[in-house]
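Please look through the structure shown here, beginning with the surroundings of its ligand and moving on to the chain as a whole.

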Amino acid sequence: MGFPRKNPLRLPIRIRLSISYFLIFAFAGTLLVGASWFMARRSLYFELDHEIGEHIDDVHDFIAAHRLGGDETRARAEIAAEFDLKDDGKWLEIADGQGRWVYRPWRMQVVPQDLPPASSIPSGGAFTEFAVGSKTVRALRRSFTADGRVWVVESGLTLTKTDLTLARFRNGLLLIAPAVLLMAGLAGHLISRRALDPVAAIAQEAQRIHDGNLQSRLPRLDTRDELAHLSSTLNDMLERIESAVRSVRDFTAHASHELRTPVALIRSEADLALRFDRSASEYRQAIVAIGAEAQQMSSLLDSLLFLARVDAGTEQARLEPVDAQLLCVQAWRKWRPVLREAGLRLTADLPSGPLMVLADNLYLSRLLNVILENAGKYTPGGGSVRLALAISGGGARFEVRDTGVGIPPQEQNRIFDRFFRAGNVREASAPGSGLGLALAAWIAARHQTAIEVHSEPGVGSCFAWTLSLASQLHAELSGGDAGYEVESARVVTVLDRAG
Ligand SMILES: Nc1ncnc2c1ncn2[C@@H]1O[C@H](COP(=O)(O)OP(=O)(O)OP(=O)(O)O)[C@@H](O)[C@H]1O
Ligand SMILES: [Mg+2]
């Protein structure tokens, strides 16, 4: 992940973008102007050089056609007659192989130079530039053999027209370039303004959102670009924040509501007991009632605190081999007298020896307690509850079956929600706050399992879940994938025992 770069001038993005556009355009413009001028110059010089080359070819053809190689005087006369008239204005000098002048009109004599001997001229010829008065001449020197003699020719043209054309072209470019640059910079500024306007709109809208109007959303953009994506991402985030805040608010409201009832009952019970002088047994009765309410309140607080720790992420399950049979026996011992007092029979159908599962001991016994407590609470007197543990489908299956009031089908998928209580148990005014199964579901999820519910109103309910056997862990560890957080020494001990 990259770190944001520093912005020492603290300029807004809009200005920075405009400056960047301008600089990029300026750089590209300069490059383009330079390249155009260079190409135009090359092309003009190419034409010029081509014309000069053709002129020398003309001279060659003329000498060859008129066979001027033998007679020097005739050569001078015929060349002068031909080129004086034909090439008035063009630069032309002709010498023989030894550097003796054959043709040098008076116009060319302003430049006091002799033509070099043929041997010193490269085979393709050589270009030179020199001043003649206020003008510059570009000339090509070339030597060739025609009619049996070596000739040296220098032909040239003034650069006046070419330079003038180039100067005009350059001036035109220099005149247009700043205007184009200014327009490009302005367009860049407008484009960046247009591009960033939605960001300003999003920021403005985001500033208006606070915890009191979390249901508001940022403008939905139909542009299908990054800004539309940003806006919808922020809206999704708001959705999640809203639902988190709503659940915290609901939780607080439910919790305070649930706590109000036992506190009110304790207060009224105490007020009533203190209003008149009472007998010892009446005081005892009041204290027992207060104690029961305090017990109810303390278990509620316990559940609330547990769920708060779950939400804060501080509750962590630590899976290790646990004897499920022993845990069931302990639960049976704990709940049998309680249920018997309520007129219920608790039976247990367990394996004869230890059955090692992967679990968090405390959490698993808490899960068993929640389910057994519900079974006892929602089964009318005379009914029965059966706790079963068996190996099934490669795991250890726990099952608690009661002959209780059952859960209406349309409410079965909500019983794991916090504070939810089915209509039939609310009507029967059984105490409870609807937190037990939320807790149980969390514990099951920490054990990579889920609680199944089968229930029929008036017939009974069955809650079941399956845990991995500790021997499965051994297989997974041998395969190189531990999967669970387990101290290996303990696994060995357990496997020794299991073996
Ligand atoms: N064995 C059962 N038979 C019938 N209904 C049940 C049974 N177990 C759970 N329920 C239904 O599911 C609801 C939620 O159960 P849960 O244990 O979460 O809350 P509770 O028992 O009402 O309160 P507490 O927080 O004290 O446990 C119950 O109110 C009840 O309607
Ligand atoms: Mg319960």
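## The ligand and the chain around it

Ligand 1 is surrounded by 23 residues, the closest being Asn-374, Ala-422, Gly-432, Gly-436 and Leu-437, where a residue counts as near a molecule or strand if its C-beta atom, placed from the backbone, lies within 6 Å of it. This is a predicted model, in which local features need pLDDT of at least 70, side-chain atom pairs count only at pLDDT 80 or more, and totals for chains, interfaces and linings use all residues. Residues are numbered from 1 along each chain as its sequence is written, while chains are lettered from A and ligands numbered from 1 in the order in which they are written.

The shell around ligand 1 consists of twelve nonpolar, nine polar and two charged residues; here Ala, Val, Leu, Ile, Met, Phe, Trp, Tyr, Cys and Pro count as nonpolar, Asp, Glu, Lys and Arg as charged, and the others, Gly among them, as polar. At least two residues of this shell come from each of α7 (361-377) and α9 (436-446).

The protein has eleven helices and twelve strands, which are DSSP runs numbered from the N terminus, with helices (H or I) of at least four residues and strands (E) of at least two. Its radius of gyration is 52 Å, whereas a compact globule of 499 residues would have one near 23 Å, the value being taken over C-alpha atoms and the globule rule being 2.2 Å times the number of residues to the power 0.38. Along the principal axes, the C-alpha atoms fill a box of roughly 160 × 60 × 40 Å.

An automatic or database domain assignment supplies the domain bounds, and it divides the protein into domain 1 (13-165), domain 2 (226-312) and domain 3 (320-498). Between the C-alpha centres of domain 1 and domain 2 there are 104 Å.

Helix α4 (residues 226-275) has 50 residues and should span 74 Å at 1.5 Å a residue, which agrees with the 72 Å between its end C-alpha atoms; the expected span is 1.5 Å times one less than the number of residues. This helix is hardly covered, with four buried residues among its 50, namely Ser-231, Ala-255, Glu-258 and Pro-262. A residue is buried if 20 or more other C-beta atoms lie within 10 Å of its own, exposed if 12 or fewer, and partly exposed in between, with C-beta atoms placed from the backbone. The cover over these buried residues of α4 includes α3 (160-208) and α5 (280-312). For α5, with 33 residues, the expected span is 48 Å and the end C-alpha atoms are 47 Å apart, which agrees. After α5 comes Gly-313, whose phi is positive, near 80°.

Two residues other than glycine also have a positive phi, and the table gives their values.

| Residue | Phi | Loop |
|---|---|---|
| Asp-147 | about 50° | between β4 (135-146) and β5 (149-158) |
| Gln-448 | near 55° | between α9 and β11 (452-456) |

Asp-147 is partly exposed because 15 other C-beta atoms lie within 10 Å, and Gln-448 counts as partly exposed with 14 such neighbours inside 10 Å.

His-60 lies in helix α1 and touches Phe-144 and Ala-146, leaving aside residues up to four places away in sequence; two residues are in contact if their C-beta atoms, placed from the backbone, lie within 7 Å.
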